[in-house]
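Here are a few notes to read alongside the structure, in case they help as you look it over.

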Amino acid sequence: TERLVVVRQLHADYDTPRGPVPALRGVDLQIQRGEITAVVGESGSGKSTLAHALIGLLPANGRIVSGAISFGDLDLHGLSERRFRALRGTRIGLVPQDPTVSLNPVRTIGDQVAEAVTAHRRLPRASARARAAELLEQAGIDRPPLRLRQYPHELSGGMRQRVLIAIALAGDPDLIIADEPTSALDATVQKRILDHLEELTRAQGISVLLVTHDLGVAAERADRIVVMNQGRVVETGTPAEVLENPTDAYTRRLVAAAPGLTWNEDYREPVSPESPVLLRATDLTRTFRMPGTTGKNTELTAVDRVSFEIRRGETLALVGESGSGKSTTAKLVL
Ligand code: ATP
Ligand code: MG
């Protein structure tokens with residue numbers, strides 16, 4: 001895979017009446033093309049600061065003190081505001097956290113999505129509307145022509161979040177930064193939207209930086225997890241590496257607080273060298289239990305009593321929709 005974003009030793013501060021407060025203290029990070037990278041860490045660890053620094057949208061009192069950010073062959077830190085604006089909405093799309101404040105209440109959905117379409121590309125009005133309808137459809141919104149005429153308050157929270165995804169996709173970005181994109185929504189809607197975002201970005205080869213404080217969400221969605229603690233990256237790895245073999249003390253505590261992090265031990269039956277069956281998995285089960293956002297544990301069964309055989313010389317295809325447990329199954333077998 002190819003690296004899309006490289007962050008090196010990034011330091012960022014916020015100015016406060018009590019003096020500068022460090023929020024990022026030397027962050028190193030890479031985002032590969034076409035992959036989902038999840039940034040996890042507890043509240044205040046610097047996740048949003050990192051996301052905002054990447055997209056050039058730190059609050060007025062925030063600033064990058066030192067370090068480097070490259071995007072493709074561009075050096076982002078040091079880019080003028082005008083050139084940064086040109087990147088946002090084209091090569092980098094943002095899915096903000098709160099759809100209620102991110103959409104303009106007095107303008108139709110159609111106007112807002114079409115505006116994102118024409119922001120960086122000249123198109124006649126009718127073509128922009130047609131493209132807007134297409135984007136809404138891609139984002140999983142039913143009856144796009146009707147939605148184009150509606151106002152944000154006429155849509156459910158989940159639908160508004162999908163509109164924001166449509167807007168983020170409008171410029172055909174290489175990277176989407178999603179800062180807790182669904183934390184305001186209930187669990188089932190959240191899952192459907194993350195499924196959809198994952199499917200879309202995988203299909204189009206878009207990289208995603210997914211900011212979440214939910215280790216379960218990160219483990220289920222991401223190719224790589226980056227764990228932050230007090231402004232530093234304390235661990236990077238695949239979900240299996242981070243969850244099953246955390247090397248950093250902070251991550252170990254995070255994972256230790258998730259007691260259901262186990263799989264059944266005897267899921268693989270031993271097979272004899274002469275047997276035509278190379279591998280037999282019986283009742284393969286994988287459950288993650290994570291400390292949830294509201295203090296109570298959330299449990300996630302990624303693989304639920306799956307049995308299959310792989311015969312010598314044969315190819316076994318695992319087919320299923322996004323989030324159905326294909327990757328977790330493959331990792332368990334490995
Ligand atoms: P959360 O999970 O609560 O969203 P986070 O990991 O996104 O947390 P940040 O918002 O990046 O954390 O905050 C990192 C640090 O910077 C914290 O100590 C926070 O208090 C501080 N901070 C964030 N925004 C500002 C601001 N506008 N002014 C001053 N300090 C800030
Ligand atoms: Mg945040």
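1. Leaving aside residues up to four places away in sequence, Ala 132 is in contact with Gly 110, Val 113, Ala 114, Val 117 and Leu 148. Please keep in mind that this is a predicted model.

2. Ala 132 also turns up in the largest nonpolar core, which has 74 residues. Along with Ala 38, Val 113, Ala 166, Leu 175, Ile 177 and Leu 209, Ala 132 touches the most other members. Helix H7 is the top contributor to this core, giving eight residues. Domain 1 (3–91 + 173–252) and domain 2 (107–168) each give residues to the core, so it lies between them.

3. Helix H7 deserves its own look. Eleven of the 13 residues in H7 are buried, among them Arg 160, Gln 161 and Arg 162 as well as Val 163, Leu 164 and Ile 165. The buried residues of H7 pack against strands S6 (92–95) and S7 (175–179), and against helices H3 (99–102), H4 (109–118), H5 (125–138) and H8 (187–204).

4. The length of H7 (residues 157–169) checks out nicely: because each residue should add 1.5 Å, its 13 residues should span 18 Å, and the 19 Å between its end C-alpha atoms agrees.

5. Now to ligand 1. Of the 16 residues around ligand 1, those that come nearest are Tyr 14, Ser 43, Lys 47, Ser 48 and Thr 49. Strands S1 (3–16) and S2 (19–32) and helix H1 (47–54) each supply at least two residues of the shell, with H1 giving the largest share, three residues. By class, the shell has eleven polar, four nonpolar and one charged residues.

Methods. Residues are numbered from 1 along each chain as its sequence is written. Chains are lettered from A and ligands numbered from 1 in the order in which they are written. This is a predicted model: local features need pLDDT of at least 70, side-chain atom pairs count only at pLDDT 80 or more; totals for chains, interfaces and linings use all residues. A residue is near a molecule or strand if its C-beta atom, placed from the backbone, lies within 6 Å of it. Helices (H or I, at least four residues) and strands (E, at least two) are DSSP runs, numbered from the N terminus. Ala, Val, Leu, Ile, Met, Phe, Trp, Tyr, Cys and Pro count as nonpolar, Asp, Glu, Lys and Arg as charged, and the others, Gly among them, as polar. The expected span of a helix is 1.5 Å times one less than its number of residues. A residue is buried if 20 or more other C-beta atoms lie within 10 Å of its own, exposed if 12 or fewer, and partly exposed in between; C-beta atoms are placed from the backbone. Two residues are in contact if their C-beta atoms, placed from the backbone, lie within 7 Å. A nonpolar core is a set of buried Ala, Val, Leu, Ile, Met, Phe, Trp, Tyr and Cys residues joined through C-beta atoms within 7 Å. Domain bounds come from an automatic or database domain assignment.
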